[in-house]
Amino acid sequence: MKFFNIQTFGCQMNVHESEKIAGSLVEAGYQPTDSVADADVIVFNTCCIRDTAEKRIMGNIGAVKPLKKADRSKIVAVVGCMTQQDGMKEAIFKKFPFVDIILGTDRLDRIGDYVERVAMSNGKRPKIDDVHNIDTPEIIENTPIFRTSGTNAWVNIMYGCNNFCTYCIVPYVRGRERSRDPETVVGEVRGLIEEGYREITLLGQNVDSYGNDRQDGWNFAKLMRAIDGIDGKFRVRFMTSHPKDISEEVIDFMAESVHFCHNIHLPVQAGSNRVLQAMNRKYTREHYLYLIDRLRAAMPDVGITTDIMVGFPGETEEDFQDTLRLVEQVRFSNAFTFIYSPRNGTVAAKMEQIPYAVKKERIGRLITLQNSITKEISDRYVGTILEILVEDAPKPDLLCGRSDSGRLVNFPGSADRIGEFVRVRIDKSRSASLWGEIV
Ligand code: SAH
Ligand code: SF4
Ligand code: F3S
């Protein structure tokens, strides 16, 4: 028996792509293992969204060196976003001469073939790299997917991003937007529901621009309708929405649909119009607040989460106060907060940067504020009954799952209930998570 181990970094897109990498390796005759030491093939599926991600990955790749020294037959592959940056594949081969394979973001389905090529080689091992030109990106269909996500299945609806927010590396490493064929997407979702998946999460860097590249009349709202028409008891979520593109139709359909959750991740990034403009986000604070009102009017129980960045070049204390005020005003269920990190090749990296100490101090204040709001919103659920999809058993006799609105709930129960919808009475809250009992 031969084994592979994949370390995944970055967003949900990468989590799902690791399932495709695994699919390709299973087809090549390998089995998954959680142990890096036992693995014959070690894969790093990388992210370069922030410097911290990249540093951590570099550290983890370096840690493989002694393993490879002890067993020369191990095959090491570095794949995904990080490798698509200019000069990066050369840098990786130079820094880590034991790396055998480097693959870009649209080449992951080929990993099984490349691993076989390395494994079959006699004498000097080939160095394989297949990092592609992102200006001619492809859509790869019919890849085997080795799903590991339990009750939830990820489904890509589109790849790439055209937005070029000035801080962001994604458009440079993922290429232009391309939408999958709607019939293929709907067919995939139908198949997954028939297989027993209870939740589908639709993935795209900007799901609201689904269809823009197709000229056949399909948009995200139409795709939602087609998916909502599938029979069965299941939930659908999607990410990520963009405040400049989300339509009234999408909001209204979320409210009236059978299967779509009342839950949305709507990254705001900043509360100051000056900063939003410098970020090239193409919406204002006022428009964002309008969308929040609109979502809550359509769905009073909607759970709203966001991403916020502090320390963008030129952000003044006043700008930052605008962000704090927006957070107070909106009252997000949860917020993912980031310190701005300059990325090579992006517009903002060339702007005048703010000292790290200032960014660090700001994010501290932001986190303190959001934590108190998260706790307060959680407290409001105590005493209510929520319908939960049982997703996992983190410990024997302890289950967890999420509500329609996206709240994480823990409650006692046995693992054979995973995949069921249960009603849970909430007894207590602990910051972002809730605790209760099945009724
Ligand atoms: N497509 C999504 C997610 C992109 S990456 C969107 O448009 O929102 C996820 C989050 O990482 C972003 O929302 C942003 O808050 C953060 N991020 C992106 N680039 C960053 C950078 N250079 N430094 C710090 N955080 C960044
Ligand atoms: Fe990056 Fe902006 Fe595209 Fe999101 S919308 S992936 S933040 S460029
Ligand atoms: Fe990271 Fe690539 Fe996702 S850079 S956040 S893994 S799209």
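The exercises below work through strands, helices, ligand shells and backbone angles of a predicted model.

This is a predicted model in which local features need pLDDT of at least 70 and side-chain atom pairs count only at pLDDT 80 or more, while totals for chains, interfaces and linings use all residues. Residues are numbered from 1 along each chain as its sequence is written, chains are lettered from A and ligands numbered from 1 in the order in which they are written, and side-chain values use heavy atoms, with hydrogens and water left out.

**Exercise 1. Describe the surroundings of strand 10.**

Step 1. Fix the terms. Helices (H or I, at least four residues) and strands (E, at least two) are DSSP runs, numbered from the N terminus. Buried means under 20% relative accessible area, exposed over 50%, and partly exposed in between, with a 1.4 Å probe and protein chains only. Two strands pair if DSSP finds at least two bridges between them.

Step 2. Check burial. Strand 10 covers residues 199-203, and five of the five are buried, so the strand is largely enclosed by the rest of the structure. On one side the buried residues are E199, T201 and L203, and on the other I200 and L202.

Step 3. Find the partners. Strand 7 (residues 152-156) pairs with strand 10 in the parallel sense over five bridges, with W154 opposite T201. Strand 11 (residues 235-239) runs parallel to strand 10 and is joined to it by five bridges; here L203 stands opposite M239.

Step 4. Assign the crossover. Strand 10, helix 8 (residues 220-228) and strand 11 make a right-handed β-α-β unit. Right-handed means that, with the strands pointing away from the viewer, the path from the first strand over the helix to the second runs clockwise.

Step 5. Look past strand 11. The peptide bond from M239 to T240 is cis, with omega near 10°, and T240 lies in the loop between strand 11 and helix 9 (248-256).

**Exercise 2. Compare the span of helix 13 with its expected value, and locate its packing partners.**

Step 1. The expected span of a helix is 1.5 Å times one less than its number of residues. Helix 13 (residues 356-381) has 26 residues and should span 38 Å; its end C-alpha atoms are 38 Å apart, which agrees.

Step 2. Among the buried residues of helix 13 are I363, L366, L369, I373 and I377.

Step 3. Take contact as heavy atoms within 4.5 Å. The buried residues of helix 13 pack against strand 13 (303-310), helix 12 (317-330), strand 14 (334-339), strand 15 (385-395), strand 18 and strand 19.

Step 4. Helix 13 is followed by G383, with a positive phi near 95°.

**Exercise 3. Place S433 and the strand that holds it.**

Step 1. S433 is found in strand 19 (residues 433-438), and its 15% relative accessibility makes it count as buried. Not counting residues up to four places away in sequence, S433 touches L408 and N410.

Step 2. Strand 17 (residues 408-412) pairs with strand 19 in the parallel sense over three bridges, and N410 has W435 as its bridge partner.

Step 3. Strand 18 (residues 421-430) pairs with strand 19 in the antiparallel sense over six bridges, and K428 stands opposite W435. These two strands form a hairpin with two residues between them, where S431 in the turn has a positive phi of about 35°.

**Exercise 4. List the shells of ligands 2 and 3 and sort them by class.**

Step 1. A residue is near a molecule or strand if one of its heavy atoms lies within 4 Å of it. Ala, Val, Leu, Ile, Met, Phe, Trp, Tyr, Cys and Pro count as nonpolar, Asp, Glu, Lys and Arg as charged, and the others, Gly among them, as polar.

Step 2. Around ligand 2 are C161, N163, F164, C165, Y167, C168, V170, P171, Q205, H242 and R281. This shell has seven nonpolar, three polar and one charged residues.

Step 3. Around ligand 3 are G10, C11, N14, C47, C48, I49, C81, R174 and Q205. This shell has five nonpolar, three polar and one charged residues.

**Exercise 5. Locate two non-glycine residues with positive phi, N280 and R331.**

Step 1. N280 has a phi of about 60° and lies in the loop between helix 10 (273-278) and helix 11 (285-298). Its relative accessible area is 23%, hence partly exposed.

Step 2. R331 has a phi of about 55° and lies in the loop between helix 12 and strand 14. R331 is partly exposed at 27% relative accessible area.
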